[in-house]
Amino acid sequence: MAAHFPINHHLRPLYRLLCILAGLYMLVFGVVGFVQTSGNEFFTQTDAEWVLGLRTNPAFALLSLVAGVVVLGANLVGRNLAHYVNQLAGVVLTIVGMGSLALMQTEANVFAFSMVNVIVTFILAGITGVASLYDRVGSAAAAEAEEQFRRGPHTVSETA
């Protein structure tokens, strides 16, 4: 059974704004982090620096920069592109957070994650994931058809 997301939800602009801010944070963190760690080895764990409250190395800074551009760009464009990108970002960030939490105290911690990084990653995953539940757009007819499907075929008419 396919998921049924509301179409043209009245809080869509708020969720879009939250994703724009999340994407902007990732982008700014990536740029500042990449500039500040530019002399370090790409996957260093020992020379990782703290940037905007998170521990980073050039690899994680570059990854954050790319993720920020994608999330910010999709939400600035809007439409259903933002819906699909936010869905994907929510899932990917959750997986990255879980993986980083599992690998944090090992040599496999190639992005030099700390517990603060994991928490912020989960917060960003929550923002983008929840926003993807409410940011789908469509015509008024499509919105009405989705609402009718959500209510089911056995609803009592309001005029009865």
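## Helix packing and empty space

Trainee: At what angle do helix α1 and helix α4 pack, and how far apart are their axes?
Mentor: Helix α1 (residues 12-36) and helix α4 (residues 115-134) pack at about 150 degrees, with axes 9 Å apart. Axes are lines fitted to C-alpha atoms, for helices over the stretch in contact, and angles run from 0 to 180 degrees between N-to-C directions. Helices are DSSP runs of H or I, at least four residues, numbered from the N terminus. This is a predicted model: local features need pLDDT of at least 70, side-chain atom pairs count only at pLDDT 80 or more, and totals for chains, interfaces and linings use all residues. Residues are numbered from 1 along each chain as its sequence is written, and side-chain values use heavy atoms, with hydrogens and water left out.

Trainee: Roughly parallel or antiparallel, then?
Mentor: α1 and α4 are therefore roughly antiparallel to each other (angles over 145 degrees count as such).

Trainee: Which residues make the contact?
Mentor: From α1, Arg12, Tyr15, Leu18, Cys19, Ala22, Tyr25 and Met26. From α4, Val120, Leu124, Ile127, Thr128, Val130, Ala131 and Tyr134. Contact means heavy atoms within 4.5 Å.

Trainee: How do those divide by class?
Mentor: Twelve are nonpolar, one is polar and one is charged. Ala, Val, Leu, Ile, Met, Phe, Trp, Tyr, Cys and Pro count as nonpolar, Asp, Glu, Lys and Arg as charged, and the others, Gly among them, as polar.

Trainee: Switching to pockets. How much space lies in the largest one?
Mentor: About 410 Å³. A pocket is an open set of points on a 1 Å grid over the protein atoms alone, with protein on both sides within 12 Å along at least five of seven lines. Lining residues have an atom within 4 Å of a point.

Trainee: Which residues are closest to its centre?
Mentor: Met26, Leu63, Ala67, Val92 and Leu93, out of 22 that line the largest pocket. Met26 also belongs to the α1 side of the contact with α4.

Trainee: Which helix gives the most to that lining?
Mentor: α2, with seven residues. By class, the pocket lining has 19 nonpolar, three polar and no charged residues.

Trainee: And how many cavities of 30 Å³ or more does a search find?
Mentor: One, in the whole structure. In a cavity, a 1.4 Å probe fits but cannot get out.

Trainee: What lines the largest cavity?
Mentor: Arg12, Arg16, Asn75, Arg79, Ala82, Asn86 and Asp135. The largest share, three residues, comes from α3. Four of the lining residues are charged, two polar and one nonpolar.

Methods
Helices (H or I, at least four residues) and strands (E, at least two) are DSSP runs, numbered from the N terminus. Angles under 35 degrees count as roughly parallel, over 145 as roughly antiparallel, 65 to 115 as roughly perpendicular and the rest as oblique. Grid points are joined across faces, edges and corners, and a volume is the space filled by probe spheres set on the points.
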